[in-house]
Amino acid sequence: CNVARKICEEEGGYLAIVNSIAEADVLKSIFEKVNPAAITNSPESVRYAAIGFHDLYQENEFITIHGDNLYKAGFTKWLPGQPDDTIGKENCGSLHISGRLNDINCHTRFPFFCELR
Ligand SMILES: [Ca+2]
Ligand SMILES: [Ca+2]
């Protein structure tokens with residue numbers, strides 16, 4: 001998601017920060033619209049979109065790119081079993097196409113959501 005972060009910044013925004021269930025639902029419906037195949041049958045990697053949170057500073061302490069924890073940001077609904085830090089390498093945040101959060105590998109290219117300032 002470093003690439004994603006850069007692209008968002010170049011366009012005058014930042015990786016999206018989800019501040020409410022309503023906002024997660026909006027992103028979910030955009031995601032379903034641009035990538036309907038991902039709802040049912042497609043590789044894992046297209047069912048997640050990178051968004052603006054991570055646990056790069058302290059393992060399992062997820063904060064937004066603006067430094068707030070997820071409770072303060074306003075949305076904390078994880079996919080069941082997440083965050084799982086798969087093979088100790090998942091330190092970036094994503095939104096699953098179901099509208100729930102998952103930690104993902106920062107070095108894998110995923111679709112992503114930018115948000116404008
Ligand atoms: Ca992690
Ligand atoms: Ca995960």
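**Figure 1. A nonpolar surface patch formed by Val26, Ile30 and Val34.** Together these three residues expose about 260 Å² of accessible area, computed by the Shrake-Rupley method with a 1.4 Å probe and with only the protein chains shown as cover for residues. Patches are made of residues with over 30% relative accessible area and no salt bridge, with like charges joined within 9 Å and nonpolar side chains (Val, Leu, Ile, Met, Phe, Trp, Tyr) within 5 Å; a salt bridge is a side-chain nitrogen of Lys or Arg within 4 Å of a carboxyl oxygen of Asp or Glu. Ile30 belongs to helix H2 (residues 21-34); helices (H or I, at least four residues) and strands (E, at least two) are DSSP runs numbered from the N terminus. With a relative accessible area of 37%, Ile30 is partly exposed (buried means under 20%, exposed over 50%, partly exposed in between; 1.4 Å probe, protein chains only). The model is predicted, so local features need pLDDT of at least 70 and side-chain atom pairs count only at pLDDT 80 or more, whereas totals for chains, interfaces and linings use all residues. Residues are numbered from 1 along each chain as its sequence is written, chains are lettered from A and ligands numbered from 1 in the order in which they are written, and side-chain values use heavy atoms, with hydrogens and water left out.

**Figure 2. Coordination of the calcium ion (ligand 1).** The ligating atoms are Asp55 (OD), Asp55 (OD), Glu59 (OE), Glu59 (OE), Asp85 (OD), Glu90 (O) and Asn91 (OD1), at 2.3 to 2.7 Å. Donors are N, O and S atoms within 2.8 Å of the metal (3.2 Å for Na, K and Ca); water is not among the atoms, so sites may look incomplete. Along the chain, the donors of this ion have the spacing D-x3-E-x25-D-x4-E-N. Glu59, in the loop between strand S2 (48-54) and strand S3 (63-64), and Asp85, in the loop between helix H4 (70-73) and S4, are 26 residues apart and link distant parts of the chain. Glu59 is partly exposed at 38% relative accessible area, while Asp85 counts as buried at 18%. Asn91 lies in strand S4 and is likewise buried, with 18% relative accessibility. Beyond its neighbours within four places in sequence, Asn91 is in contact (heavy atoms within 4.5 Å) with His54, Asp55, Leu56, Glu59, Asp85, Ile104 and Cys106.

**Figure 3. Coordination of the calcium ion (ligand 2).** Gln82 (OE1), Asp84 (OD), Glu90 (OE), Asn102 (OD1), Asp103 (O) and Asp103 (OD) coordinate this ion at 2.2 to 2.5 Å. The arrangement is irregular because the 6 donor atoms subtend angles of 66 to 147°; six donors count as octahedral if opposite donors are over 155 degrees apart and all others between 65 and 115. Glu90 in strand S4 (residues 90-96) and Asn102 in strand S5 (residues 101-105), 12 residues apart, link distant parts of the chain. Both Glu90 and Asn102 are buried.

**Figure 4. Backbone geometry at Pro83 and Ile87.** Gln82 and Pro83 are joined by a cis peptide bond, with omega about 0°. Pro83 is found in the loop between H4 and S4, and Ile87 lies in the loop between H4 and S4. Phi of Ile87 is near 40°, a positive value in a residue other than glycine. Ile87 counts as exposed, at 73% relative accessibility.

Key. Four donors count as tetrahedral if all angles lie between 85 and 135 degrees; four count as square planar and six as octahedral if opposite donors are over 155 degrees apart and all others between 65 and 115; anything else is irregular.
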